[in-house]
Amino acid sequence: MTSNNGNVVERYLRQNRQLFGDEIYVSFEPVQPDVIVGSESLTEFEESIHDCTRCSLGERRTNFVFGVGDPNADLVCVGEAPGADEDAQGVPFVGRAGRLLDKILASINLSRNNNVYICNVLKCRPPNNRDPLASEVEQCEPYLIRQLDLIKPKLIVALGRVAAKTLLKLDSNIALKDLRNKQHDYYGTKLIATYHPAALLRSDRFKRPTWEDFKWIRSILSTEG
Ligand code: URA
C-alpha cells in the first residue's frame with residue numbers, strides 16, 4: 001500500500017468514527033469490474049477481457065473463446081464452455097457439435113452471421129471438458145451478462161442441461177426435460193432450454209424434440225416485436 005493509500009484509509013476511518021463511533025460498516029455488495037460497464041461494443045469488450053485470469057482456467061487455455069456472430073442478433077445461443085476444438089481455434093462451437101448446430105440453425109433460416117450470436121457461460125476450456133465449477137461461473141458469468149447487455153437479443157437459448165441449470169441457478173440434479181417447453185427469464189431476457197447438439201450426436205432420440213424446440217424458437221423470433 002502506498003503512503004497515499006494509507007492517507008485515504010486513515011481519512012475514511014476517521015470519518016467513519018465521526019459518523020458511527022467505533023463500529024465499522026463494510027459493504028459486501030458484489031462490485032462489477034470497470035471493464036464490464038466501460039465497453040461500448042462487443043469488440044471493445046472482448047479486447048478488454050481477453051487476457052482474463054480471474055480463475056485458474058485462464059492460465060491453462062490456448063485461446064479465450066469470447067463469442068461469434070451477429071452483434072445485433074435476436075437470438076443468442078449459450079453453451080456451457082469451450083471444448084478442445086474451440087480452445088484451439090478461439091471460436092465457440094466449431095467441432096462436430098458446432099457443425100450440427102449450424103445445420104439446425106440453417107433449418108430455420110438462421111446462421112451464426114445472420115441474426116444469431118453464439119457463446120458459452122465459461123470463456124475458457126475446463127480440463128478434460130469437466131462441468132464448470134461454481135467459482136468459475138461466478139467469475140465468468142458477468143462477462144456473459146455484459147455481452148447480452150450489448151447485444152440485447154429477444155431470446156436466449158441455453159444449449160444443454162449444464163448451460164440451462166447454470167444460467168437458471170437450479171438444482172444440480174434437474175433434468176433437461178423439466179426445463180424444456182417453458183419460457184424462463186434471464187435478467188430480463190426470455191430464455192428457453194433445448195438439447196445440446198452433442199446429445200444429438202450421441203442419440204437420435206433427441207432429434208425430434210430438438211426440431212420441435214427450434215420450430216418454437218422460430219415462432220418466438222417471428223412474433224416478438
Ligand atoms: N460445447 C459447448 O458447450 N460449447 C462449445 O463451444 C463447444 C462445445
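**Chat about the sheet and the ligand site**

Modeller: Let's start with the sheet: this predicted model has an open one of 6 strands, in the order 1-3-2-4-6-5 and with mixed pairing.

Biologist: Nice. Which strands stand at the edges?

Modeller: Strand 1, residues 68–69, and strand 5, residues 184–186. Each has a single partner strand, so one side of each is left without a neighbour in the sheet.

Biologist: And what holds strands of a sheet together in general?

Modeller: Strands pair through backbone hydrogen bonds, and the pairing can be parallel or antiparallel.

Biologist: OK, so in which sense do strand 5 and strand 6 pair?

Modeller: Antiparallel, over 3 bridges, with strand 6 covering residues 189–194. If you want a spot to look at, His 184 has Leu 191 in strand 6 as its bridge partner.

Biologist: Switching to the ligand. Where does it sit?

Modeller: In the largest pocket.

Biologist: Which residues are around it?

Modeller: Going along the sequence, you meet Gly 79, Glu 80, Ala 81 and Pro 82, then Glu 86, Pro 92 and Phe 93, and finally Asn 120 and His 196.

Biologist: How does that shell divide into nonpolar, polar and charged?

Modeller: There are 4 nonpolar residues, 3 polar and 2 charged.

Biologist: What about the ligand's oxygen atoms, which backbones do they meet?

Modeller: Glu 80 has a polar backbone atom 3.1 Å from a ligand oxygen. For Phe 93, a backbone N or O atom lies 3.0 Å from an oxygen atom of the ligand.

Biologist: And which side chain has an N or O atom by a ligand nitrogen?

Modeller: That would be Asn 120, where the distance is 2.8 Å.

Biologist: How much of the ligand does the protein bury?

Modeller: Taken alone, the ligand exposes 240 Å², and the protein buries 90% of that.

Biologist: Great. Last topic, backbone angles: what is phi for Asn 115?

Modeller: Phi of Asn 115 is positive, about 70 degrees, although this residue is not a glycine. You'll find Asn 115 in the loop between helix 6 (96–107) and strand 3 (116–120).

Biologist: And Lys 169, what's phi there?

Modeller: Lys 169 has a phi near 55 degrees, again a positive value in a residue other than glycine.

Biologist: Where is Lys 169 in the fold?

Modeller: In the loop between helix 8, residues 161–168, and strand 5. That is the strand we met at an edge of the sheet.

Definitions and conventions: Residues numbered from 1 in each chain as written. Predicted model: local features only at pLDDT ≥ 70, side-chain atom pairs only at ≥ 80, totals over all residues. Heavy atoms only, no water. Near = heavy atom within 4 Å. Polar contact = N/O pair within 3.5 Å; in protein donor to acceptor, adjacent residues only side chain to side chain. Areas by Shrake-Rupley, 256 points an atom, 1.4 Å probe, with all protein chains shown as cover. 1 Å grid on protein atoms, 1.4 Å probe; cavity = no way out; pocket = protein on both sides within 12 Å on 5 of 7 lines; lining within 4 Å. Sits in = over half its atoms within 2 Å of the grid points. Nonpolar A, V, L, I, M, F, W, Y, C, P; charged D, E, K, R; others polar. Pairing = 2+ DSSP bridges. Helix = DSSP H or I, 4+ residues; strand = E, 2+ residues; numbered from the N terminus.
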